Amino acid sequence: MTELARTNWKRFPFGASRKGSASTFRLWAPALSDVQIEIGGEGRSVAMVAIGDGWFEHDDDLPFGTRYRYRSQNGLTFPDPASRSQDGGVHGWSVLTDPTSYSWRSADWCGRPWRETVLYEIHPGLVGGFAGVANELPRLADLGITAIELMPIADFPGERSWGYDGVLPFAPASAYGSPDDLKRLVDRAHELGLAVHLDVVFNHFGPDGCYLHAYAPPFFRAGSHTPWGAAIDFERPEVRAYFIACAVQWLDEYRFDGLRLDAVHAIPSLDFLLDFEREVRRAIPAERMIALVVENDANDSRLLSRFDAQWNDDFHHAVHILLTGEVATYYGSFAAEPARHLARVLAEGFAFQGEVASFSGEPRGRPSGHLAPSRFVNCLQNHDQIGNRLFGERLLALADPAALRAAVALLLLTPQVPLIFMGEEYGSRTPFLYFTDHHEELAQAVREGRRREFAHADPDGDRRLFDPNAEETFAASRPAGGEDGAEWNALYRGLIALRQERIVPHLDSCRSMGAVAIGAQAVRASWGLGGGTLTLLVNFDEAPVTDTRPKGAEIFALGDAEQRANGLRLGARSFRAFLSHGS
């Protein structure tokens with residue numbers, strides 16, 4: 001791959017900083033001829049100095065904790081787009097924040113190897129903010145989780161959000177706690193041996209509270225849009241610098257161990273993404289183990305020559321059809337032969353590597369068979385796949401529990417990296433719904449948009465819908481275990497322990513040895529592992545299937561299986577794992 005020109009992102013220092021007694025405020029506002037900075041608590045307003053190319057600057061001797069905001073010549077007041085903390089929400093005052101005020105207890109933490117990763121996705125708001133997440137950490141560490149992933153925390157309007165409507169990417173959401181509360185969370189995780197990853201949204205800004213349109217329209221590509229708003233112009237050096245600096249802040253100041261870049265298929269610049277990866281890694285000390293992961297519906301494997309991994313929706317979609325039989329929307333692309341698609345995912349990573357996907361009618365993906373299994377993050381459930389259903393059903397409301405147990409075994413024993421969504425480890429059946437806290441005009445637009453988008457899920461319109469903007473919808477989304485919660489927890493605990501003991505030590509050299517559908521709803525997959533072979537067999541069907549018994553010892557079993565003269569008869573909704581000598 002051709003070496004790219006570097007973005008000198010430090011040439012464009014957004015935001016406010018303080019060194020010694022001197023504080024500096026910088027703003028890129030190319031649409032404005034003059035800008036005032038208002039100092040909260042002092043009742044004064046000072047003209048900023050125009051320093052060229054749309055940049056304004058003001059030097060002062062203000063202490064940390066000072067509130068400030070900007071005012072345009074037409075009277076519009078707005079926060080710092082690189083605000084590190086807000087007082088009064090995203091429409092309020094920015095706060096000059098001390099990045100060194102927190103005293104780290106785990107300052108020598110350098111991270112965990114990616115091969116050890118068992119991810120746990122969690123929504124901070126549903127467990128009580130940053131402090132609530134910290135309270136969950138001992139339980140998760142005891143379960144065997146090695147890394148938590150926070151859903152987006154960039155400050156957003158209101159008190160409730162998934163986080164994908166954030167408008168101030170540098171500022172931790174005030175609804176969840178202070179910057180130091182977030183650092184305490186990360187610090188506590190590191191003390192327990194847990195890595196902490198953050199989901200970041202760099203492909204769009206939310207619809208309420210983004211003032212960049214008013215004073216920096218060149219931040220966006222005129223006439224271009226994503227599904228969520230105006231498209232960002234990633235060819236501008238100021239824009240690149242903004243997002244690179246934001247990522248470095250989370251990894252450096254807050255000591256996150258990794259970032260998951262949301263929906264990079266909505267960032268139409270491969271050049272920027274590769275530049276981003278390089279500059280972020282160069283900014284972080286080499287001894288730290290940092291993971292950069294993408295979500296990319298385009299399945300562009302070129303990114304995986306540089307990024308550590310991609311969320312692999314193809315695994316989810318194939319297994320989901322085998323568990324539920326659902327074939328609407330994008331599941332339709334996998335509907336004809338879900339077992340064949342799953343086999344290709346297990347062997348090569350992506351199910352679609354340039355073939356036409358029937359849902360879109362267009363080619364999707366690039367070849368991925370040359371990539372290591374650890375480049376793919378698999379899940380059975382995540383925020384999108386549950387919450388982007390009209391009624392937010394989890395799999396236990398849709399699938400046979402025995403089949404789901406087999407799917408959990410496949411997820412956790414496959415060499416690809418597993419991700420667990422909050423609550424599934426104790427069999428939660430409560431929905432995870434889409435929730436917001438918008439002003440009424442925007443809230444009504446969201447209600448109508450959700451109804452149109454998911455009309456296929458309730459064609460008669462006779463089911464009671466959850467109002468995304470209602471506090472009750474947020475409350476209903478908190479996970480809760482059922483009567484069989486301990487059984488599910490034991491299953492997850494045992495499988496994670498087996499993974500760490502028998503599979504993880506050999507993942508650096510792991511390579512696929514192929515996979516094949518052995519029935520309409522059954523798959524066999526093998527990997528070379530530590531000089532031996534790991535073979536997994538799974539049958540989601542009610543009818544048994546027969547296949548050759550793999551070599552090696554059986555290390556895990558669910559459901560019935562019987563050795564017969566013509567091979568191993570795998571019973572309904574069953575799973576077997578075999579590991580040959582040498583592993």
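A nonpolar core is defined here as a set of buried Ala, Val, Leu, Ile, Met, Phe, Trp, Tyr and Cys residues joined through side-chain atoms within 4.5 Å, where buried means under 20% relative accessible area, exposed over 50% and partly exposed in between (1.4 Å probe, protein chains only). The structure is a predicted model, in which local features need pLDDT of at least 70 and side-chain atom pairs count only at pLDDT 80 or more, whereas totals for chains, interfaces and linings use all residues. Residues are numbered from 1 along each chain as its sequence is written, and side-chain values use heavy atoms, with hydrogens and water left out.

The largest nonpolar core holds 162 residues, of which Phe256, Phe540 and Phe575 touch the most other members. Helix 4 (residues 237-252) supplies the largest share of this core, 11 residues; helices (H or I, at least four residues) and strands (E, at least two) are DSSP runs numbered from the N terminus. Apart from this core lies another, of 13 residues, among them Trp109, Trp114, Ala147 and Val293. Contact denotes heavy atoms within 4.5 Å. With residues up to four places away in sequence not counted, Phe540 touches Val319, Leu322, Leu323, Leu342, Ala403, Ala406, Ala407, Leu410, Gln521 and Arg573.

Helix 7 (residues 338-348) is mostly covered, with eight of its 11 residues buried. These are Pro338, Ala339, His341, Leu342, Ala343, Val345, Leu346 and Ala347. The cover over the buried residues of helix 7 includes helix 6 (313-324), helix 9 (401-413), strand 25 (511-519) and strand 26 (522-529). Gly349, just after helix 7, takes a positive phi of about 100°.

Eight strands form a closed barrel in the order 11-12-15-18-19-20-23-24, with parallel pairing; two strands pair if DSSP finds at least two bridges between them. Neighbouring strands of this sheet are turned by 30° against each other on average, direction ignored. Axes are lines fitted to C-alpha atoms, for helices over the stretch in contact, and angles run from 0 to 180 degrees between N-to-C directions. Within the barrel, strand 15 (residues 195-200) and strand 18 (residues 258-261) pair in the parallel sense over four bridges, and His197 stands opposite Gly258 in strand 18. Helix 9 packs on the sheet, touching strand 23 (376-379) and strand 24 (417-421), and its direction makes about 135° with that of strand 24.

Internal and open spaces were delineated on a 1 Å grid over the protein atoms alone: a cavity is a set of points where a 1.4 Å probe fits but cannot get out, a pocket is an open set with protein on both sides within 12 Å along at least five of seven lines, and lining residues have an atom within 4 Å of a point. Grid points are joined across faces, edges and corners, and a volume is the space filled by probe spheres set on the points. Six cavities of 30 Å³ or more are present, the largest with a volume of about 140 Å³. Its lining comprises 17 residues, of which Pro152, Ala154, Pro169, Val200 and Val201 are the closest to its centre. Strand 15 gives the most to this lining, with three residues.

Arg160 lies in the loop between strand 13 (154-155) and strand 14 (168-172) and counts as buried because its relative accessibility is 12%. Arg160 touches Phe435, Thr436, Asp437, Asn469, Ala470, Glu471 and Phe474, not counting residues up to four places away in sequence.
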